[in-house]
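Here's a quick briefing for anyone meeting this structure for the first time. Have a look at it, then read on for the main points.

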Amino acid sequence: EELWRKSRSEDTSWSSPIVVEQSTGPQVIVCGTNRVCGYDLESGRVVWECGGMSSNVVATPVYANGMLYVGSSYEKRVLMAMDIRGAEGDITDTSRVKWTRTRGTPYVPSMLLYENSLYFLSHYQNMLTRVDGASGIDAPGVIRLGGLGNIYASPVAADGHLFVTDLDGTTAVLTHSDVPRIVSLNKIDEPVSASLAIAGATLFIRGESHLYCIGKKSKR
């Protein structure tokens, strides 16, 4: 049974929606060319909206502690951090937008929010930026990922480390430290576009032709 339907005036959007819990109930967050919108999950009502994105939004938004982060880098570069707790109506250019950034913003890979640090790649290149999630201040800023080429997979993190995989199938493992550093480069022999998945101490990599499971071998 169809519960509700809302028309959207959008040219394109490749970004996956997310659901976030708010004091009034869960909201579906959808990024588009014209607007980022928060829909009430039960009724479909547009609770709040914000303009300023580029066309062809690909990166999925991330959310924690009331802060929503959205970014794109097609015909213009933009990254916005918004406090959406209790937001109503059009919040474009209001105090709800806590900070913005117009350099090094993501295109294909989504951002990673890990322990209050926001990581994102420049377009889909091997330039990783880390900023403080609350303020947007560089901490430490741009990190060149030597050994990697173009990147479509989103960065992931676990156990104090980041994992960034490029299109050639090379995964860089970085420390989540004051100054992140690459501790290893690991390559599989096929292209990788999909983001890595983590379950416990196991890492899954979906290559062009195979699915890889990476972890400790169990003793038999």
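Half-hidden is a fair start: of the 220 residues in the protein chain, 50% count as buried (under 20% relative accessible area; exposed is over 50%, partly exposed is in between, with a 1.4 Å probe and protein chains only). Keep in mind that this is a predicted model, where local features need pLDDT of at least 70, side-chain atom pairs count only at pLDDT 80 or more, and totals for chains, interfaces and linings use all residues. Residues are numbered from 1 along each chain as its sequence is written, and side-chain values use heavy atoms, with hydrogens and water left out.

**Overall build**

- The protein chain has 20 strands and zero helices (DSSP runs numbered from the N terminus: E for strands, at least two residues; H or I for helices, at least four).
- With a radius of gyration of 18 Å, close to the 17 Å that the globule rule gives for 220 residues, the chain is as compact as a globular protein of that length (the radius is taken over C-alpha atoms, and the rule is 2.2 Å times the number of residues to the power 0.38).
- Along the principal axes, the C-alpha atoms fill a box of roughly 55 × 45 × 30 Å.
- Among contacts with a separation of 6 or more, 41% come from residues 24 or more positions apart (a contact means heavy atoms within 4.5 Å).
- About 11,500 Å² of the protein chain is exposed, and carbon and sulfur atoms supply 48% of that (Shrake-Rupley method, 1.4 Å probe; for residues, only the protein chains shown count as cover).

**Two of the sheets**

- Strands of a sheet pair through backbone hydrogen bonds, either parallel or antiparallel.
- One open sheet has four strands in the order β14-β15-β16-β17, with antiparallel pairing (two strands pair if DSSP finds at least two bridges between them).
- Its edge strands are β14 (156-158) and β17 (182-187), and each pairs on one side only.
- Strand β14 pairs with β15 (residues 161-165) over three bridges, in the antiparallel sense, and A158 stands opposite H161 in β15.
- Another open sheet has three strands in the order β18-β19-β20, again antiparallel.
- Here β18 (197-199) and β20 (211-214) stand at the edges with a single partner strand each, so one side of each has no neighbour in the sheet.
- Three antiparallel bridges join β18 to β19 (residues 202-206), and I198 has L203 in β19 as its bridge partner.

**Salt bridges**

- Side chains of opposite charge can pair when their charged atoms come close.
- The whole structure holds seven salt bridges (a side-chain nitrogen of Lys or Arg within 4 Å of a carboxyl oxygen of Asp or Glu).
- E49 and R35 form one of them, with the closest N and O atoms 3.8 Å apart. E49 is in strand β4 (residues 46-50) and R35 in the loop between β2 (25-31) and β3 (36-40), 14 residues apart.
- Both ends of that pair are partly exposed, E49 at 28% relative accessible area and R35 at 26%.
- R45 bridges to E88 at 3.6 Å between the closest N and O atoms. R45 sits in the loop between β3 and β4 and E88 in the loop between β7 (77-83) and β8 (89-90), so the pair ties together parts 43 residues apart in sequence.
- R103 and D138 meet at 3.8 Å, N to O. This pair links the loop between β9 (97-101) and β10 (112-114) with strand β13 (residues 138-144), 35 residues apart.
- Salt bridges that share partners join R35, E49 and D90 into one network.
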